[in-house]
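User: I am new to reading protein models. Could you take me through the features one at a time, with the general idea before the case?

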Amino acid sequence: MGTRGTGRGRRLGLTRQKVIAAAVTVIERDGLDAFSLRRLADELDVETMSLYNHVPNKEALLDGVAELLLAGIDLSAGGTGSWQDRVRANANAFRAAAKRHPRAFQLVLTRPPHAASALETIRCALSGLSGVPLPPSELVHALRTYVAFVIGTIMRELGSAITVGVMDPDQVRHRVEEITATGDPLLAAVAPHLAVSDHDAEFRYGLETLIAGLATRTGLPYDGGVMDGGGVEDGGGSL
């Protein structure tokens, strides 16, 4: 079976790039938990053994998917404007890529980066912070705080982290009742807001809080958080 699969894969012009691209398609369609090399082989119409000419195992293939998606993030907009504009552009580009591939992108968020594309992403984030007067050690702290916010918020949005808020109106009403029924005055006071998830508003709010805090810490002026021609919305914050 291995010989037949290998020959067929070569006749079809199978390459590592095609295998990884097909893996993204399968993961997005079926989900990461359901993904297997057999399903990928069916997608490509080859024998499973043909895949081993291009990837040594499933883990290496998943690493390849993460590398492909990471390398595909368009960070070009993060190279212009003020440091605050650049930080916003980089964060929004990362989130946009995650929303394009909500299932497969979880591999980018959860697997240790090994590729040069990971270093390029870090370099772009550091470039976005250029102009912020911090020593290298504190600059790395700021970078990691930024990365933690972006990754954590996206994981929650994609359903990979604990969340309380929901978006469906009926579910919101039920969630408010659940929170209020605890009898805790702190929870009850924020229940109508805690029960709601507005991912766009919350991403903006968190990002602007980070930028404003960094500006205050370094004595730089904060530009007020103008994005897309409008001010920052306070969202209503949910967990």
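Analyst: Let us start with empty space. The largest pocket holds about 530 Å³ of space. Keep in mind that this is a predicted model.

User: How is such a space found, and which residues lie nearest the centre of the largest pocket?

Analyst: Rolling a probe the size of a water molecule over the atoms shows where empty space is left. In this model, 28 residues line the largest pocket. Nearest its centre are Leu70, Phe94, Pro113, Thr121 and Ile151.

User: Which helices each supply at least two residues of that lining?

Analyst: They are α4 (58-71), α5 (83-100), α6 (106-110), α7 and α8 (136-157). Helix α7 covers residues 116-128.

User: What does the secondary structure of the whole chain come to?

Analyst: There are 11 helices and zero strands. Written along the sequence, the pattern is α-α-α-α-α-α-α-α-α-α-α.

User: How much of the chain counts as buried, and how much area does the chain expose?

Analyst: The chain has 239 residues, and 41% of them count as buried. The exposed area is about 12,800 Å², with carbon and sulfur atoms supplying 57% of it. Contacts give another view of the fold. Among those between residues at least 6 apart in sequence, 71% join residues at least 24 apart.

User: Where is Arg95 placed, and is Arg95 buried or exposed?

Analyst: Arg95 sits in helix α5. Its relative accessibility is 8%, so Arg95 counts as buried, the cut-off being under 20%. Apart from neighbours within four places in sequence, Arg95 contacts Ile154, Glu157, His199, Asp200 and Phe203.

User: What makes up the nonpolar surface patch of about 260 Å²?

Analyst: Leu119, Ile122 and Leu126 make that patch. Take Ile122, which is found in helix α7. Ile122 has a relative accessible area of 38%, so this residue is partly exposed. A residue needs over 30% relative accessible area to be part of a patch.

User: Now charges. What is the general idea, and how many salt bridges does the structure hold?

Analyst: Side chains of opposite charge can pair when their charged atoms come close. The structure holds 16 salt bridges. One of them joins Arg29 and Glu43, at 2.7 Å from N to O. Arg29 belongs to helix α2 (residues 16-30) and Glu43 to helix α3 (residues 37-44), so the pair ties together parts 14 residues apart in sequence. Both are partly exposed: Arg29 has 46% relative accessibility, and Glu43 has 35%.

User: Which residues are linked with Arg29 and Glu43 in a network of salt bridges?

Analyst: Asp30 and Arg39 are linked with them in that network.

User: Which parts of the chain does the salt bridge between Asp223 and Arg88 tie together?

Analyst: The closest N and O atoms of Asp223 and Arg88 are 2.7 Å apart. Asp223 lies in the segment after α11 (199-218) and Arg88 in helix α5, so this pair ties together parts 135 residues apart in sequence. Asp223 is partly exposed at 34% relative accessibility, whereas Arg88 is buried at 4%.

User: How does one read the salt bridge between Asp170 and Arg173?

Analyst: Here the closest N and O atoms are 2.0 Å apart. Asp170 and Arg173 are three residues apart in helix α9 (residues 169-180), so about one helical turn separates them. Arg173 counts as partly exposed, at 49% relative accessibility.

Methods: Residues are numbered from 1 along each chain as its sequence is written. This is a predicted model: local features need pLDDT of at least 70, side-chain atom pairs count only at pLDDT 80 or more; totals for chains, interfaces and linings use all residues. Side-chain values use heavy atoms; hydrogens and water are left out. Patches are made of residues with over 30% relative accessible area and no salt bridge: like charges are joined within 9 Å, nonpolar side chains (Val, Leu, Ile, Met, Phe, Trp, Tyr) within 5 Å. Accessible areas come from the Shrake-Rupley method with a 1.4 Å probe; for residues, only the protein chains shown count as cover. A salt bridge is a side-chain nitrogen of Lys or Arg within 4 Å of a carboxyl oxygen of Asp or Glu. Helices (H or I, at least four residues) and strands (E, at least two) are DSSP runs, numbered from the N terminus. Buried means under 20% relative accessible area, exposed over 50%, partly exposed in between (1.4 Å probe, protein chains only). Contact means heavy atoms within 4.5 Å. On a 1 Å grid over the protein atoms alone, a cavity is a set of points where a 1.4 Å probe fits but cannot get out, and a pocket is an open set with protein on both sides within 12 Å along at least five of seven lines; lining residues have an atom within 4 Å of a point. Grid points are joined across faces, edges and corners, and a volume is the space filled by probe spheres set on the points.
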